[in-house]
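User: Could you take a close look at one part of this model for me? I'd like to hear about the salt bridges, and then how the nonpolar residues pack.

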Amino acid sequence: MTQRTFGQPATPRPDDDLSRVLVVTAHPDDADFGAAGTIAGWVDSGLTVTSLLCTHGEQGGFEDTNREQMPAVREREQVAASATLGVKDVRFLSGHRDGWLEPSWELQRQIVEVIREVQPQRVLIQSPERWYDRIQASHPDHLAAGEAAIRAIYPAAENRYAWPELIERGLEPWHVSEVWIMAHPQTGHVVDITDTFDRKLAALQAHTSQTGHMQDQLEGLLRRWGSGVAEAFGLGPGRLGESFHILDLG
Ligand SMILES: [Zn+2]
């Protein structure tokens, strides 16, 4: 474990030291808006990425979309979006209604199950803390998914007495070494996504029910966000970035 002074942000370990990453989000498209460029870079570095979605995002989209078909539509879109990044393992939890997500014991147990199955060294989650300056990034479902994920990571996934029935099913405790948090009010780490930006754009275009109405404006929006982050972190002119709060769990 790296020794750090209090208040100093953690820096991530090199991708070469890891092999598996788990991404946990509330809705389809959340990870693509917040981290698609970074995830594509991880895949390029040889990491295996699993995406776990807590809901099917059936409240999203616009009035002309058939509501009954929405869960299947969004599942298909997420699988296509993830494929553009090289992510083949996309999983959806059941039993959670979009817009009503809570960090319930049931949700925590389901995330613990996936952590123990996948055994990721790094987990990317949403911020359980509300970022008042970017309230849309802090949708209540995002806060709930982030809270359930961090509770699952520590202590439940690594504690064999949390849900003993999981041990009976062969799901042994697993320690996650590093957590990356998206849309956190204080991000200290930036990833230069200039080279993977085209795949981020393609991933978001695959969420047709959510982004189809934006047409050409989508690219402009993503470029504005990316260059704003790059500028704040001094990446240099013309660069694009995504930023994160990193936790080193040893
Ligand atoms: Zn969302």
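Analyst: Here's a walk through the charged pairs, followed by the nonpolar cores. Keep in mind that this is a predicted model.

Searching the whole structure turns up 16 salt bridges. Let's start with R74 and D29, whose side chains meet at 3.1 Å, N to O. R74 sits in helix 2 (residues 70-85), while D29 belongs to the loop between strand 1 (20-25) and helix 1 (30-44), so this pair ties together parts that are 45 residues apart in sequence. Is R74 buried or exposed? R74 is buried, at a relative accessible area of 3%. Its partner D29 is buried too, with a value of 9%; the cut-off for buried is under 20%.

Next come two bridges within helices. In helix 3 (residues 105-118), E106 and R109 are three residues apart, about one turn of the helix, and their side chains form a salt bridge at 3.0 Å, N to O. Here E106 is partly exposed, with a relative accessible area of 38%, whereas R109 counts as buried at 17%.

Over in helix 8 (residues 217-232), E219 and R223 are four residues apart, again about one turn of the helix. Their salt bridge comes out at 3.0 Å, N to O. E219 counts as partly exposed at 31% relative accessibility, and R223 is partly exposed as well, with 36%.

Beyond these pairs, there's a network: salt bridges link R13, D15, R122, E178 and D248.

Now for the nonpolar side. In soluble globular proteins, nonpolar side chains tend to be buried together. In this model the largest nonpolar core has 36 residues, and those with the most contacts inside it are I39, W42, V49, L124 and F244. Helix 1 gives the most to this core, with seven residues. Apart from that core lies another one, of 31 residues, with A145, I153, A157 and I181 among them.

F244 deserves a zoom of its own. What is F244 in contact with, leaving aside its neighbours within four places in sequence? The list is G34, A35, T38, L124, W180, I181, M182, T187, G188, H189 and V191. One name there, L124, also has a place among the residues with the most contacts inside the largest core. Another contact of F244 is I181, and I181 is one of the residues of the other core.

How values were computed. Residues numbered from 1 in each chain as written. Predicted model: local features only at pLDDT ≥ 70, side-chain atom pairs only at ≥ 80, totals over all residues. Heavy atoms only, no water. Salt bridge = Lys/Arg side-chain N within 4 Å of Asp/Glu carboxyl O. Buried < 20%, exposed > 50% of the residue type's maximum accessible area, 1.4 Å probe, protein only. Core = buried A, V, L, I, M, F, W, Y, C linked by side-chain atoms within 4.5 Å. Contact = heavy atoms within 4.5 Å.
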